[in-house]
Amino acid sequence: MSANLGDLRAQDRAHVWHPLFQHQVLDERDLLLVAKGQGATLTDGEGNTYLDAYAGLWNVNVGYGRKEIADAVALQIAKLSFYPHSQINEPATRLATRLAEILPGELKHLFFSNSGSEANETAFKIARQYSRQQHPGENRYKIIARYQGYHGFTYGAMSATGQVGRRSKFEPLVPGFLHVDPPYCYRCPLNRTYPECGVACVEEFEKIIVREGPETVAAVIVEPVIGGGGVIVPPPEYLPRLRQICDRYDVLLILDEVITGFGRTGKLFAAEHWGVAPDIATLAKGVTSGYLPLGACATTPEIFSAFLGEPGAGREFAQVSTYGGHPVCCAAALANIEIILRERLWENAARVGTYLLAKLQALDSPFVGDVRGLGLMIAVELVDDSGAVLDAERAAKVAAGIRQAGVIVGRMSHVMAGPESTFFVAPPLILTEAQADQIAAAFAAGLDAI
Ligand SMILES: Cc1ncc(COP(=O)(O)O)c(C=O)c1O
């Protein structure tokens, strides 16, 4: 390693606090120093290359190094580097218009923020204010989410999150967030088996709404496919039934499409798999493929119009952030979305995702308990010979073996109370079959290590 890289590592160690990371581990091994990205390939400081089968953090949908996004960003900085969204800027208006065209259902109004967490905060605030203005005699403020679901790190989004390791140290949480069990068929929390179960887990939403009193419930939030909580794909009836339950009790349905949006699951938006139209959808990650930070909360004319009224009546949405609707981030999003649409990347995600899923399901190892996914959003859950979650030591060996084979994958962390041995594969949507073979081979090599 050059002296320069050595210095950088020393400075990082002295000054940088990394997320979700036990810094004491640096006594034994270094973090990867990521220097360059092109397509689905990353290069580290020493010149080693890796296939990024995690697309950064589930988000680099179009792959790294797209010059047309770089050009759009440079042009916009030169033209108008920033102005707050209290007035109009062209890229934000064009982006809202583009999103209104491509989003499922009737999502025609967009509120921009800087991250998925903020998009969800916005959704909760819109849901609560809408409910107060729409149902004046009631007190609808509760939000129902799911265990194992993830909605972000900020207090509201964390309170909606159902992952113990991401919340317990930061309690008390925001009041009014409730949770039900996820549709995790591989280890069903209700001890049932699909399809005999009749998808009992979705009925938990109705039970909790009735018990709490519908007049106290503002919204339900779910990821169409749970991401970091284990890539949990619901049974086909689940989301349509959830939509019916929400309609029955006048409860808003928020779909968190932060991971699933922009092609990852093999449709442009995951809601399309089930023909479910949400009242609110939240977006981030793939909206810019990570070239710049951006989040968005999309909603219907019905909800938007409940915020109209005389000036001074206080019906407007009283939220602002300095950078929400940033013209440069919106220009990046527009260029990114044009690539996704032009190259029809959701179709590649469906095709190569199906191929890769089959390859991973064919892995010949007693440690592979379950391989599940949709499009290019896949989990490989490792188990021991009793079917329990594989212990941390062996899971770490598998992870090291995969990395040694030149592939970067994700790994569940801070979701469960006990050990976690679920690996995530969510590569850029430009993935080729040859690269899918490389990912499967890396898993085989990693499994050989135990
Ligand atoms: C489903 C989902 N929602 C929300 C978020 C939060 O997004 P951000 O990290 O941009 O705040 C994430 C992040 O991983 C996510 O996976």
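Here is a quick tour of this structure, from its ligand site to a small sheet, its cysteines and one buried asparagine. Keep in mind that this is a predicted model. The ligand has 84% of its 380 Å² of accessible area covered by the protein. Elsewhere there is an open sheet of four strands, and the structure has zero disulfides.

**Around the ligand**

- Twelve names are worth finding in the viewer, as these residues surround the ligand: Ser115, Gly116, Ser117, Asn120, Tyr150, His151, Gly152, Glu223, Asp256, Val258, Ile259 and Lys285.
- Sorted by class, that shell holds six polar residues, along with three nonpolar and three charged ones.
- Which helix gives the most to the shell? It's α5, running over residues 116–134, and its share is three residues.
- Gly116 uses its backbone: an N or O atom there sits 2.9 Å from an oxygen atom of the ligand.
- Ser117 uses its side chain instead, with an N or O atom 2.6 Å from a ligand oxygen.
- Over at Asp256, a polar side-chain atom lies 2.7 Å from a nitrogen atom of the ligand.
- Put together with the rest of the protein, the surroundings cover 84% of the 380 Å² that the ligand would have accessible on its own.

**The four-stranded sheet**

- The strand order is β1-β2-β3-β13, the sheet is open, and its pairing is mixed.
- At the edges you'll find β1 (34–38) and β13 (407–408), each of which pairs on one side only.
- Strands β2 (residues 41–44) and β3 (residues 49–52) run antiparallel to each other, paired over three bridges.
- To see that pairing up close, look at Leu42, which stands opposite Tyr50 in β3.
- These two strands, β2 and β3, make a hairpin with four residues between them. In its turn, Gly47 has a positive phi of about 90 degrees.
- The pairing of β3 with β13 is parallel, over two bridges.
- Here the residues to pick out are Asp52 and its bridge partner in β13, Ile408.

**The cysteines**

- Why is there no bond between Cys185 and Cys197? Cys197 has the cysteine sulfur closest to that of Cys185, but the two are 6.3 Å apart, so they are too far for a bond.
- Cys185 is partly exposed, as its relative accessible area is 46%.
- Its neighbour in that comparison, Cys197, is buried at 15% relative accessible area. You'll find Cys197 in the loop between β6 (177–180) and α7 (200–212).
- For a sense of distance, the C-alpha atoms of Cys197 and Gln244 are separated by 19 Å, with the two residues 47 apart along the chain.
- Cys297 is in no disulfide either: the nearest cysteine sulfur belongs to Cys330 and is 14 Å away.
- Is Cys297 buried or exposed? With a relative accessible area of 1%, Cys297 is buried.

**A buried asparagine**

- Asn89 belongs to the loop that links α3 (67–79) and α4 (90–102).
- Although Asn89 is in a loop, its relative accessibility is 2%, so it counts as buried.
- What does the side chain of Asn89 reach at 2.9 Å? The partner there is the backbone oxygen of Gly325.

Conventions: Residues are numbered from 1 along each chain as its sequence is written. This is a predicted model: local features need pLDDT of at least 70, side-chain atom pairs count only at pLDDT 80 or more; totals for chains, interfaces and linings use all residues. Side-chain values use heavy atoms; hydrogens and water are left out. A residue is near a molecule or strand if one of its heavy atoms lies within 4 Å of it. A polar contact is a pair of N or O atoms within 3.5 Å; within protein, one must be able to donate a hydrogen and the other to accept it, and residues adjacent in sequence count only if both atoms are side-chain atoms. Accessible areas come from the Shrake-Rupley method with a 1.4 Å probe; for residues, only the protein chains shown count as cover. Ala, Val, Leu, Ile, Met, Phe, Trp, Tyr, Cys and Pro count as nonpolar, Asp, Glu, Lys and Arg as charged, and the others, Gly among them, as polar. Two strands pair if DSSP finds at least two bridges between them. A disulfide is a pair of cysteine sulfur atoms within 2.5 Å. Buried means under 20% relative accessible area, exposed over 50%, partly exposed in between (1.4 Å probe, protein chains only).
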